[in-house]
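Biologist: Please take a close look at the ligand-binding region of this model and describe it in one connected account.

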Amino acid sequence: MRLKAPFETSSSITRDRRVLLIEVGSDGLSGWGEITVDDDPFYNSETTDTAWHILRDFIVPLTVGKTVATAQEVGTLMSRIRGHEMARAGLENALWDIESQQKDVPLHKLLGGTLTEIPCGVSLGIQPRVELLITKVGEELEAGYQRIKLKIKPGNDLETVKEVRKAFPAAKLMVDANSAYGLQDAALLREFDTCDLLMIEQPLAWDELYEHATLQAQLQTPICLDECIHNARHAVAAIELGACRVINLKLGRVGGHSEAKRVHDVCRERTIPVWCGGMLESGIGRVHNIAMSTLPGFVLPGDVSASQRYWQEDIIEPEVEVTARGTIQVPESPGLGYSVRHDRIERLTVQTATWRS
Ligand code: OSB
Ligand code: MG
């Protein structure tokens, strides 16, 4: 699927997404999940091709034809697989869709969600000129989005953010560095304290907690971790070490709804706010994000926004829409609450594989 506009971060530029979907059939029902990988290993270590390989050669043999009582149990079947969280999440989330249809409840209820409307923010990619960025920020605020995340990279960071702050003195702003800095940049990063930011997301290395703890001790602005957090143990370690004060929760990065609930719970017990991150998902991944975002610890606006910000035409119906007050109304029908557009998916499909027990 071609993005409406290329999305640039400090680690890569995405123009198209090769969307990897899983449809699971069980007990006469069908459930859908999205494997939220990129084509390159520049955000995390998985790629579209590694996910396909892990799915075909390991996840399928461990799971197809097996009996589980709940979606959560499929995680146990896959527990020998180390890493490859996004590949595992795709399957587990499809099973959650099936379980919610079987129990005739909306997915968000099955997950234990309580919000009926979720607050939305946007993530804006790096722009070539600050004037262009300021125009985009203005448009998103005008559309109602409750907070704006700016991607930054060395050379396009502090001055840009200061200009945006000057143009929008009251906006809820934050930045995301996608691991572009090191501790040697601490003096520069401290200057962001003057920009009144909600948080600075993943400034340092993707797998490094200790240095984030060192940096957080020198900053007033809360650090939010994204890339570093792959499970609830990581979340506990990060919080106890003082490596962050906020956590970005992504279903793919932590291996699916079950582990996401655990991360949510350990954060909530420690009064650490969480919010839902995004991976430029198609409607299927997006709808799973909406369901997760109803859990009570999701107290900050997430990177979950309208289908139309990404795609000319999405693969679900209706598309995800955002209200004028910057919220998404959570659907109340059983399962995902949106219909999957099989015809459109078929037209876009370039490769399929089917496994039966
Ligand atoms: O770091 O949060 C990130 C997109 C792809 C990979 C990593 C990230 C992002 C985003 C976009 O920030 C969030 C979205 O709008 O889906
Ligand atoms: Mg991020």
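Modeller: The account below turns to ligand 1, then to the metal site, and ends with two backbone features. This is a predicted model, in which local features need pLDDT of at least 70 and side-chain atom pairs count only at pLDDT 80 or more, while totals for chains, interfaces and linings use all residues. Residues are numbered from 1 along each chain as its sequence is written, chains are lettered from A and ligands numbered from 1 in the order in which they are written, and side-chain values use heavy atoms, with hydrogens and water left out.

Around ligand 1 there are 15 residues (a residue is near if one of its heavy atoms lies within 4 Å), and those that come nearest are Ser-123, Lys-151, Asn-178, Leu-280 and Tyr-310. By class, this shell holds seven charged, five nonpolar and three polar residues; Asp, Glu, Lys and Arg count as charged, Ala, Val, Leu, Ile, Met, Phe, Trp, Tyr, Cys and Pro as nonpolar, and the others, Gly among them, as polar.

Oxygen atoms of ligand 1 pair with several side chains (polar contacts are pairs of N or O atoms within 3.5 Å). A polar side-chain atom of Tyr-310 lies 2.5 Å from a ligand 1 oxygen, an N or O atom in the side chain of Ser-123 is 2.9 Å from one, and for the side chain of Lys-149 the distance is 3.1 Å. The protein covers 97% of the 390 Å² of accessible area that ligand 1 has on its own (Shrake-Rupley method, 1.4 Å probe).

The magnesium ion, ligand 2, is coordinated by Asp-176 (OD), Glu-201 (OE) and Asp-226 (OD) at 2.1 to 2.3 Å. Donors are N, O and S atoms within 2.8 Å of the metal (3.2 Å for Na, K and Ca), and water is not among the atoms, so the site may look incomplete. The donor spacing in sequence is D-x24-E-x24-D. Glu-201 belongs to strand β9 (residues 200-201), whereas Asp-226, 25 residues apart from it, lies in the loop between β10 (223-225) and α9 (232-241); helices (H or I, at least four residues) and strands (E, at least two) are DSSP runs.

Two backbone features complete the account. The peptide bond from Glu-317 to Pro-318 is cis, with omega near -10 degrees. His-84 has a positive phi, near 50 degrees, and is placed in the loop between α2 (72-77) and α3 (85-102).

Key. A polar contact is a pair of N or O atoms within 3.5 Å; within protein, one must be able to donate a hydrogen and the other to accept it, and residues adjacent in sequence count only if both atoms are side-chain atoms.
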